[in-house]
Amino acid sequence: MKRYLFFCTLSYSFPILRPLQTEIRRRGDEVAWFLEDSCQNLLYEDERQLMTIEEVMEYSPIAVFTAGNYVYDFFPGVKVGVFHGYPMRKRIEKIDDHFTLRGWFDIYCTQGESSTPYFTMLAEKHRYFKIYETGWTKVDSFFDPTLPPEPARQRPTILYAPTFTRSISSAWALADTIDQLADKKPWDWIITFHPKLDDPALVQRYEDIAAHHPNVEFSKLNKGLETFRRTDVMLCDSSSIIVEYLMLDKPVVTYRNTHPGPFLIDVQEVGDVEKALEKAFSRPPELLRAMHEYTAFHEAHRDGKNSARVLDAVNDFIENWQGKIRKKPVNLFRKLKLRWKLKYFHR
């Protein structure tokens, strides 16, 4: 029996890693979770949690998967990066942070044309990691043929899911608009925040909106597909969650998106949000076509087997590449910083 470990730094990891857990269990193998203090504990009763570093070392997984930007170098097993979203070029920089190399991983599991070519170039240049185009594990559940019909909705429902970086987030700009539209229009709202969007005053502002409007639900946690399937349209800004939502053939209205295109209904002024949402509810055919082309560029695989490809990639790396490629960077300062945080200096 093979053992695997999920290393989680934030709550967005759960819907990304659970499809991988399903495939691991289907193969008759075992998985455990290790949660950083920064990660809200959302584990189910049948999911195993390792509480200490000593338990991780004794568990001795053959691979460690994370959706975050780092992993402890002293954990046993191949280190696998599965990403927490798609490359979106949220800011105006030439290269998206999605492609930043920090020297932690043996394997990067890329998603499609928007990520594979550039990562392949980086792998050929640096030669201490391997690239496998597997597709993103999170969207396996999107294409599950056994999914039941979406929950019935009495009224049009909007998901508002802003990103967390203040310079590009719409959360501060749109609070009053959402408050007004909730009062004015016969629409229901579900508002969720990224785990890093934790400004207390801002959170309180949206909690107050929900408290004053029975048609508004506010939650700090977005449950991914479960949340998406309860809504018809998303209001956003420049978050990578946009690609996920569009993959369900549901339109997205954005406020000042940094890289708008025909796949979005983008507005520059808060006063245009209402009409943009009305247009999104009408689902224009040209918009739907552009949405499909855009998501195909990001996600190459829609067969529900991305997690299977990830595990096959690990097997291939262990059999053919482990110990045969260049060693990872020493990364001494970063390693010492993480070890100091844990007070762990044994290996």
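Trainee: Which aromatic residue has R18 lying over the face of its ring?
Mentor: Keep in mind that this is a predicted model, in which local features need pLDDT of at least 70 and side-chain atom pairs count only at pLDDT 80 or more, while totals for chains, interfaces and linings use all residues. Side-chain values use heavy atoms, with hydrogens and water left out, and residues are numbered from 1 along each chain as its sequence is written. A charge sits over a ring if NZ of Lys or CZ of Arg is within 6 Å of the ring centre and within 35 degrees of the ring normal. R18 lies 3.7 Å from the ring centre of its partner, and that partner is Y44.

Trainee: And over the face of which residue does K130 lie?
Mentor: Here the charge belongs to a lysine, K130, at 3.7 Å from the ring centre. The ring that K130 lies over is that of W321.

Trainee: How are the rings of F7 and F75 arranged?
Mentor: Rings of Phe, Tyr and Trp (its six-membered ring) pair if their centres lie within 6.5 Å; planes under 30 degrees apart count as stacked, over 60 as edge-to-face and the rest as tilted. The structure holds 29 aromatic pairs. For F7 and F75, the centres are 6.0 Å apart and the planes stand at 85°, so this pair is edge-to-face.

Trainee: How many residues apart in sequence are the parts that F7 and F75 tie together?
Mentor: Helices (H or I, at least four residues) and strands (E, at least two) are DSSP runs, numbered from the N terminus. F7 lies in strand β1 (residues 3-8), while F75 is in the loop between β3 (63-66) and β4. The pair therefore links parts whose separation in sequence is 68 residues.

Trainee: Are F7 and F75 buried or exposed?
Mentor: Buried means under 20% relative accessible area, exposed over 50%, and partly exposed in between (1.4 Å probe, protein chains only). Both F7 and F75 fall in one class, namely buried.

Trainee: Which residues form one aromatic cluster with F7 and F75?
Mentor: One further pair involves Y72 and F75: their ring centres are 5.2 Å apart and their planes at 75°, so that pair is edge-to-face too. Y72 and F75 are both buried. Joining F7 and F75 in the cluster are F34, Y70, Y72 and F74.

Trainee: Is T110 buried or exposed?
Mentor: T110 is found in strand β5 (residues 107-110). Both faces of β5 are covered, with I107 and C109 on one side and Y108 and T110 on the other. The relative accessibility of T110 is 0%, so this residue counts as buried.

Trainee: With which side chain does the side chain of T110 make a polar contact?
Mentor: Contact means heavy atoms within 4.5 Å, and, not counting residues up to four places away in sequence, T110 touches several residues, including F83, I131 and Y132. A polar contact is a pair of N or O atoms within 3.5 Å; within protein, one must be able to donate a hydrogen and the other to accept it, and residues adjacent in sequence count only if both atoms are side-chain atoms. At 2.8 Å, the polar partner of the T110 side chain is the side chain of T116.

Trainee: Which residue in β6 stands opposite C109?
Mentor: Two strands pair if DSSP finds at least two bridges between them. Strand β4 (residues 78-81) pairs with β5 in the parallel sense over two bridges, while four bridges join β5 to strand β6 (residues 130-133), also in parallel. Across from C109 in β6 is Y132.

Trainee: What is the handedness of the unit made by β10, helix α7 and β11?
Mentor: Strand β10 (residues 233-236) runs parallel to β11, joined by three bridges. A crossover is right-handed if, with the strands pointing away from the viewer, the path from the first strand over the helix to the second runs clockwise. With helix α7 (residues 241-246), the two strands make a β-α-β unit that is right-handed.

Trainee: Near what value is the phi of D249?
Mentor: Most residues other than glycine have a negative phi. D249 lies in the loop between α7 and β11, and is partly exposed because its relative accessibility is 39%. Its phi is positive, near 60°.
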